[in-house]
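Me: I am new to reading protein models, and I would like to go through one slowly. Could you answer some questions about it, with the reasoning spelled out?

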Amino acid sequence: GMALSPTERQVLTLIAEYKTNKEIAETLGISPLTVKTHRQNICLKFDLQGSHSLMKFALEHKSNL
């Protein structure tokens with residue numbers, strides 16, 4: 001499948017559920033800053049630019065997560 005760590009997968013799943021960084025952080029028991037880092041790493045891995053491209057990516061791959 002996709003080259004994502006388990007946590008990145010969880011973050012992406014929650015992004016696809018329209019959760020905010022704060023909500024994602026609370027759900028996963030990590031800091032909002034860590035969520036931001038995961039988002040940046042996902043964007044780097046898949047060459048996504050701009051905040052909407054990550055949301056679009058998350059929604060498109062929701063079924064594969």
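The questions and answers below go through confidence, burial and salt bridges in turn.

Me: Which helix has the highest confidence, and which the lowest?
Reply: This is a predicted model, and the protein averages a pLDDT of 94, with 98% of the residues scoring at least 70. The highest confidence is found in helix α2, residues 21–28, at 98. The lowest is a mean of 93, and it belongs to residues 51–60, which form helix α4.

Me: Which helices do the buried residues of α1 pack against?
Reply: Helix α1 covers residues 6–16, and its buried residues include Val11, Leu12 and Ile15. Glu8, Leu14 and Ala16 are buried in this helix as well. The buried residues of α1 pack against three helices, namely α2, α3 (32–45) and α4.

Me: What phi does Tyr18 take?
Reply: Tyr18 lies just after α1. The phi that Tyr18 takes there is positive, with a value of about 60°.

Me: How many residues apart are Glu8 and Lys45, whose side chains meet in a salt bridge?
Reply: The structure holds 3 salt bridges, and in one of them the side chains of Glu8 and Lys45 meet at 2.7 Å, N to O. Glu8 belongs to helix α1 and Lys45 to helix α3, so the pair links distant parts of the chain. The separation between Glu8 and Lys45 is 37 residues.

Me: Is Glu8 buried or exposed, and where does Lys45 stand?
Reply: Buried means under 20% relative accessible area, and exposed means over 50%. Because Glu8 has a relative accessible area of 5%, Glu8 counts as buried. Lys45 has a relative accessible area of 45%, so this residue falls in between and is partly exposed.

Me: Why are Glu26 and Lys22 separated by about one helical turn?
Reply: The side chains of Glu26 and Lys22 meet in a salt bridge at 3.0 Å, N to O, and both of these residues are exposed. They are separated by about one helical turn because, within helix α2, Glu26 and Lys22 are 4 residues apart.

Me: Which residue forms a salt bridge with Glu60, and is that partner buried or exposed?
Reply: In helix α4, Glu60 has a partner 4 residues apart, so that about one helical turn separates the two. Their side chains meet at 3.4 Å, N to O. The partner has a relative accessibility of 54%, and because exposed means over 50%, the residue asked for is the exposed Lys56.

Key. Residues are numbered from 1 along each chain as its sequence is written. This is a predicted model: local features need pLDDT of at least 70, side-chain atom pairs count only at pLDDT 80 or more; totals for chains, interfaces and linings use all residues. Side-chain values use heavy atoms; hydrogens and water are left out. pLDDT is the predictor's confidence in each residue, from 0 to 100. Buried means under 20% relative accessible area, exposed over 50%, partly exposed in between (1.4 Å probe, protein chains only). Contact means heavy atoms within 4.5 Å. A salt bridge is a side-chain nitrogen of Lys or Arg within 4 Å of a carboxyl oxygen of Asp or Glu.
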